[in-house]
Amino acid sequence: MKIITVVSNSLCTFLELVLICTNSSYLLMYFLTLSIFVNGQEVTQEKQGDTILPIHLEEVILISAKKHFDYQKQAKPLSSIDEYLESAQKVNMVKRGAYAWEPMLNNMSSERLSITIDGMRIFGACTDKMDPITSYVDVSNLSEAKIASGQQGAEQGVCIGGAIDLKIDKSNFKENLFTMSLEDGFETNNELKVLGAEANYSNATFYIDGDIIYRKAENYFAGGGEEVNFSQYEKYNLSLNGGYKFDTGHQLTTTIIYDEARDVGYPALPMDVSLAQAVITSVSYEQDALGILSTWKSKVYFNKVTHVMDDSQRPDVPIRMDMPGWSDTYGFFSQANLKTDKHSFLFKLDGFYNRSLAEMTMYPNNPEEAPMFMLTWPDVRTLNTGVYMEDTIGFKESSLKVSTRVTAHNNRIADEFGLNSLRIFYPDIEASQTRFLSSISAQYSKQFKPFQLNFGVSYGTRAPSVSEGYGFYLFNSFDNHDYVGNPDLQNEQSIEANVKISLKKSKFTISMDGNIFRMPDFIIGEIDSTLSTMTIGADGVKIYTNLRYADMINLSLNTEYKILPELMWSGFVSYHRGADNQNRDLPFISPLAYRSFIRYNKESLYGELSIRGAGKQVNFNPEFGEDQTLAYTVFSMALGKTFYISNNQLYAKAGIENIFDKYYSTYTDWRNVPRMGRNFFFTISYKIN
């Protein structure tokens, strides 16, 4: 009752805040009031007699044509994983160039998310977030991305905004399967070349999959023909996974992924990347039944990330710097399912040990002066162990899902030099600190045919990230400030309410959903005027601190209409708002945004015309480096055709992005770096069965 009372009071307080801040019409106020509890999750259901169990409360983005055997459902089959994620309803991507975009979910950045690859925790090695986890895989590795909003993502780990789990593509013991494929893609704007090959073999007891993909791009051109310098990149990715089934219901699987990018330019940043490299490995064991348990799966994994920033290719820098970083993670999880007539239980034990180390060396222009060295991440060792439990209870045409997570989180500074550097600001800092984190969530689903209602409430906490807690003079080019971590930060909290109502008919579907977050002890950087800058040209120093609270609201409307069996129209519009306890606009909050497409898909022919855009950014905050982005609308189209040669398939697709060569940038484009202008793309895939 106490949690429900806190949530109710928080929602009422925030609704008043929204209505005061927006200064909008009574119609908008009414819309906000009706939509305040809308849930932004896609629901997959399984019907068992009179019982409907929500198995997954999430949105699923299909990636691999290999698994789903349908290239025609993908508008651009060889696009990057970033472009696939950007098509999700709740995901936006922060762009610092043409490569390695940072995912945001519910307008929250990676510190507040749990981003995993097949359930494995992986952490970037860059203090400037130039290497999000998603940059170390490729579409050739993956079958789908599962996106869970808010505490529905707690199964994958501690989170506030939600979770993104990238599922690895596997043949999974298909009988008598042998396929090979060759893929080739080209884009005109930045001369992007994509080459890929893969082979898959499986039978009832054994499978092995292997693939390789290579990408190389030159500088791209914004709308109107303006060249965006330092936007080139080169990358290749190899993966191998296999499995062996000992007997019925028992199997052992393993995965190895190697990813390397070189000569990666970041036009929005003062530095580029000479090397971004990752090795990702795992071994898992699974059996269908163990006593009363219906399934049991365990996995151990290791990954190593190396990231090297440098500015050696920049023509004019005040002082040359090298900034390498390393992140090693050892982890495991073990989970089991138990089902009864009315209950579906999931029990999960997980943990990881991470080492994050980053350094900076400045080379003075005067060769007689000694270089300056400092640790920007002081070899922080993180040990995180948690227990997650959920129970889905089925009723007649309704269900209730209750889940909780309890986690012990320990940080230890292993480098004495780094510890002493932080003691300049925090003389009493201890080398080791332990925090206890928790979350609890309840989701209810009810059918009122043809309507369906989903709503829920949740509470969760998170620990500060390595940068927030222990970063040492990290330069943020967005607001032009140096940042210093704060090991004395309180755990950030989140109180969330969400609701979704949908109407589904044979040809028409409409749904309205949204969520609201009140986040006590919100972590953000605040200016400390007593400190001097380290970076030449920086405007000041910010230290991470806890605000009393911050509030976020996300609302959306989604519609689909099947005009003909082979012709479908879809439309999506969303509204977002974020403010702190001082009524300051939070950074990176989307303005009104919209997307729509009409798609034809029949037999071997595919066609699509799409539109996306956003309104002018009304709520922005110059304190955080933001300025107003203008409204824009961009049109694109694609055509595809499948040809059958004996038992093999040849699939060709061509398209135009940004048809009218619009010059624009969005609220997530770092320092207003412009988006790509008109771009023609071509894809050919040949599959041998």
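Analyst: Two strands pair if DSSP finds at least two bridges between them. The strands are themselves DSSP runs (E, at least two residues), numbered from the N terminus. The model is predicted, so local features need pLDDT of at least 70 and side-chain atom pairs count only at pLDDT 80 or more, while totals for chains, interfaces and linings use all residues. Residues are numbered from 1 along each chain as its sequence is written, and side-chain values use heavy atoms, with hydrogens and water left out.

User: What makes strand E6 and E7 a pair?

Analyst: Strand E6 (residues 113-117) shares 2 bridges with E7, in the antiparallel sense. The rule asks for at least two, so they pair. Within E7, Met120 is the residue opposite Ile117.

User: Where do these strands sit in their sheet?

Analyst: They belong to an open sheet of 5 strands in the order E3-E8-E9-E6-E7, and the pairing is mixed.

User: Why are strand E3 and strand E7 said to stand at the edges?

Analyst: Strand E3 (59-62) and strand E7 (120-121) each have a single partner strand, so one side of each lacks a neighbour in the sheet.

User: Which are the edge strands in the open sheet of 4 strands?

Analyst: That sheet runs E25-E26-E30-E29, again with mixed pairing. Its edge strands are strand E25 (474-476) and strand E29 (523-527), each of which pairs on one side only. Inside the order, E26 and strand E30 (residues 540-546) run parallel and are joined by 4 bridges. Opposite His481 stands Gly540 of E30.

User: How many bridges join E19 to strand E20?

Analyst: There are 18, and E19 and strand E20 (residues 343-363) run antiparallel. These two strands form a hairpin, with 3 residues between them. The bridge partner of Lys339 in E20 is Ser344. Strand E20 is in turn joined to strand E21 (residues 372-395) by 19 bridges, also antiparallel. There, Phe345 faces Asp391 of E21.

User: How many aromatic pairs does a search of the whole structure find?

Analyst: The search finds 21. Rings of Phe, Tyr and Trp (its six-membered ring) pair if their centres lie within 6.5 Å; planes under 30 degrees apart count as stacked, over 60 as edge-to-face and the rest as tilted.

User: Why is the pair of Phe173 and Tyr207 called edge-to-face?

Analyst: The ring centres are 5.0 Å apart, which is within 6.5 Å, and the planes stand at 85 degrees, which is over 60, so the pair is edge-to-face. The pair links distant parts of the chain, 34 residues apart: Phe173 is in the loop between strand E9 (162-168) and strand E10 (177-187), and Tyr207 is in strand E12 (residues 206-217). Both Phe173 and Tyr207 are buried (buried means under 20% relative accessible area, exposed over 50%, partly exposed in between, with a 1.4 Å probe and protein chains only).

User: What makes the pair of Phe302 and Tyr330 tilted?

Analyst: Their centres are 4.8 Å apart and their planes are at 40 degrees, which is neither under 30 nor over 60, so the pair is tilted. Phe302 in strand E18 (residues 295-310) and Tyr330 in strand E19 (residues 320-339) are 28 residues apart.

User: Are Phe302 and Tyr330 buried or exposed?

Analyst: Neither term fits. Phe302 has 25% relative accessibility and Tyr330 has 46%. Values between 20% and 50% count as partly exposed, so both residues get that label.

User: What makes Lys653 a charge over the ring of Tyr606?

Analyst: The charged end of Lys653 is 3.5 Å from the centre of that ring and sits over it. The rule requires NZ of Lys or CZ of Arg within 6 Å of the ring centre and within 35 degrees of the ring normal. Lys95 lies over the face of Trp101 too, at 4.4 Å from the ring centre.

User: Why is Asn486 called buried?

Analyst: Its relative accessible area is 12%, under the 20% limit, so Asn486 is buried. Asn486 lies in the loop between strand E26 (481-484) and strand E27 (492-504). Beyond four places in sequence, Asn486 touches Tyr426, Glu468, Gly469, Ile543 and Tyr544 (contact means heavy atoms within 4.5 Å). Tyr426 also belongs to an aromatic cluster with Phe425, Phe472 and Tyr473.

User: How many disulfides does the whole structure have?

Analyst: The search finds 0, where a disulfide is a pair of cysteine sulfur atoms within 2.5 Å. Cys126, at 6% relative accessible area, is buried, and Cys159 is buried at 2%.
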